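Please open the structure in the viewer and keep the selection panel at hand. The tour proceeds from the whole chain to individual residues.

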Amino acid sequence: MIQHRHSNNNNNKKHEEIVTTKIRIGHFCLTHLYLIIKENCLVCELCDDQIIIKLITLNCPRFNSSRHILGNSPTMKQAFGEENSKNIYNSFLNISLAKLL
C-alpha cells in the first residue's frame with residue numbers, strides 16, 4: 001500500500017511538471033484546439049481578446065485570482081521563472097485549467 005501512495009505521488013508530480021511545461025511553452029487545448037478542429041479561436045467573453053497564455057497570466061480581469069498566485073508578475077518571464085514553478089501549476093489549478101492541459 002505504501003508503494004501505491006508513492007506511485008500516486010509520482011503521478012501527481014509528473015502531471016504537475018507536464019502542466020507547467022505546457023504553460024511555459026504556451027500550448028494547451030484552449031489556445032490551440034481551434035487549429036486542430038479548424039474553427040475560430042476562443043475569445044474571452046469579458047475582455048474580448050483571444051484566449052492565450054499571456055492573456056490568462058497578465059491581462060484578463062477574469063483571471064485575477066490566478067495572477068495573485070503567480071505573485072502579480074508584470075512580465076511573462078517573471079511569472080514563469082524557475083523560482084515560480086510550483087505557483088504556475090497552482091495558478092492554473094485555481095482557475096480549473098490544469099485539467100485541460
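Begin with the entire chain in cartoon representation, bearing in mind that this is a predicted model. From the N terminus on, the elements follow the order α-α-α-α-α-α; the chain thus displayed has 6 helices and 0 strands.

Next, switch to a surface representation. The accessible surface of the protein chain amounts to about 6,900 Å², and 53% of it belongs to carbon and sulfur atoms. Of the 101 residues, 33% count as buried. Should contacts be drawn, 43% of those between residues at least 6 apart in sequence join residues at least 24 apart.

Now hide the surface and select Ile23, Ile53, Ile56, Phe80 and Phe92. These residues have the most contacts inside the largest nonpolar core, which has 17 residues. Colour helix 1 (2-25), helix 3 (53-59) and helix 6 (85-94) as well: these are the elements that give two or more residues to this core. As a general remark, nonpolar side chains in soluble globular proteins tend to be buried together.

Centre the view on Ile53. Which residues is Ile53 in contact with, leaving aside its neighbours within four places in sequence? They are Ile23, Gly26, Phe28, Thr31, Met76, Phe80 and Phe92.

Finally, select Asn64, which lies in helix 4 (residues 64-69). Asn64 counts as partly exposed because its relative accessibility is 42%, between the limits of 20% and 50%. Add Ser91 and draw a C-alpha to C-alpha distance: Asn64 and Ser91 are 9.9 Å apart in space and 27 residues apart in sequence.

Conventions: Residues numbered from 1 in each chain as written. Predicted model: local features only at pLDDT ≥ 70, side-chain atom pairs only at ≥ 80, totals over all residues. Heavy atoms only, no water. Core = buried A, V, L, I, M, F, W, Y, C linked by side-chain atoms within 4.5 Å. Buried < 20%, exposed > 50% of the residue type's maximum accessible area, 1.4 Å probe, protein only. Helix = DSSP H or I, 4+ residues; strand = E, 2+ residues; numbered from the N terminus. Contact = heavy atoms within 4.5 Å. Areas by Shrake-Rupley, 256 points an atom, 1.4 Å probe, with all protein chains shown as cover.
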